[in-house]
Amino acid sequence: AKAAAVPRQARLGVGAILQPETVWDAARGESFCAEGRGVLASTESILDAAGKGEVIRRYRADAVDMEAAAVAGAARRHEVRFLAVKAISDDPGFPMPRFEPFIDARGDLHTGRLTLSAVTRPALWPVLWRLRANTLHASRELCLALTVLIRQENSELAAPAPGKQDSR
C-alpha cells in the first residue's frame, strides 16, 4: 500500500519560522511574491483541522494564516517591498475551537466573553491551555527571528557599496 502524503505543514512544528516566497489568497486564488522560501496560504477565517488540511493540499502550502495576503495586496497596490515572517502556533491537526462567536465586526477577539464561555465548558480548557502555550512559544521564536532579520537588514544598509571604500 502506498503511504499517504503528509502535508508539508506537519513538518513545521510549533515555533517553526516560515518566510515564504509565495503567499496565496485562498479566497481569491491570487498569489503574491515575497522574499523567502516556501508557500503560505491566507484564508479569511479560522479553520478547523479538516479545512486547514484542504487549504494546505490545494495550495501545496507550508502553513495557513489569515493576514499575509491582505498585507501582500496592500504592498502590491502601493508598490512596496513585501516580506512575511510567520511562526507556527498550531499544527494542522490541532483541534482549533470555534472563535467566531467571540469575534466582532472589526475582527477583534473578545477574550473576556471567550473566557466566560469556556468556564462552563471544561472540555475546552486543555485545548485553550495548549493554544496559549503554543502561541507563547511561537511568539518567542518570532521575536528571535525578527531580531536576526532586522540586524541583517541594518548591517546590509550600513555596509559600503561594492567597489566603494569607506573614507573614514
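Here are legends for a handful of close-up views of this predicted model.

Some ground rules come along with the pictures: residues are numbered from 1 along each chain as its sequence is written, and side-chain values use heavy atoms, with hydrogens and water left out. Since this is a predicted model, local features need pLDDT of at least 70 and side-chain atom pairs count only at pLDDT 80 or more, while totals for chains, interfaces and linings use all residues.

**View 1. The whole chain has 4 helices and 6 strands.**
Helices here are DSSP runs of H or I with at least four residues, strands are runs of E with at least two, and both are numbered from the N terminus. Walk along the sequence and you meet the pattern β-β-β-β-α-β-α-β-α-α. Of the 168 residues, 30% are buried; that means under 20% relative accessible area, with exposed meaning over 50% and partly exposed in between (1.4 Å probe, protein chains only). Take the contacts (heavy atoms within 4.5 Å) with a separation of 6 or more: 57% of them come from residues 24 or more positions apart. The accessible surface, from the Shrake-Rupley method with a 1.4 Å probe, is about 11300 Å², and carbon and sulfur atoms hold 56% of that.

**View 2. The largest nonpolar core has 14 residues.**
A nonpolar core is a set of buried Ala, Val, Leu, Ile, Met, Phe, Trp, Tyr and Cys residues joined through side-chain atoms within 4.5 Å. Val23, Phe32, Leu40, Ala63, Ala68 and Phe82 have the most contacts inside this one. Helix H2 (residues 68-77) gives the most to the core, with 4 residues. There is also a second, separate core of 8 residues, and Val55, Ile56, Tyr59 and Val64 are among them.

**View 3. Zoom in on Phe82 and its contacts.**
Skip the neighbours within four places in sequence, and Phe82 is in contact with Val23, Cys33, Ala34, Glu35, Ala68, Val71, Ala72 and Ala75.

**View 4. Arg76 and Glu30 form a salt bridge.**
A salt bridge is a side-chain nitrogen of Lys or Arg within 4 Å of a carboxyl oxygen of Asp or Glu, and the count comes to 12. In this pair, the closest N and O atoms are 2.8 Å apart. Arg76 lies in helix H2 and Glu30 in strand E3 (residues 30-33), so the pair ties together parts that are 46 residues apart in sequence. Arg76 is partly exposed at 44% relative accessible area, and Glu30 is partly exposed at 30%.

**View 5. Lys86 pairs up with Asp65 in another salt bridge.**
The closest N and O atoms are 2.9 Å apart. Lys86 is in strand E6 (residues 86-87) and Asp65 in strand E5 (residues 63-65), which puts the partners 21 residues apart. Asp65 is buried, with a relative accessible area of 8%.

**View 6. Arg130 forms a salt bridge with Asp91.**
Here the closest N and O atoms are 3.2 Å apart. Arg130 lies in helix H4 (residues 125-158) and Asp91 in the loop between E6 and helix H3 (111-119), so parts that are 39 residues apart in sequence get tied together. Both count as partly exposed: Arg130 at 37% relative accessibility and Asp91 at 26%. Elsewhere, salt bridges that share partners join Asp25, Arg28 and Glu44 into one network.

**View 7. Now for two cysteines, Cys33 and Cys143.**
Cys33 counts as exposed at 69% relative accessibility, while Cys143 is partly exposed at 47%. A search of the whole structure finds 0 disulfides, a disulfide being a pair of cysteine sulfur atoms within 2.5 Å.
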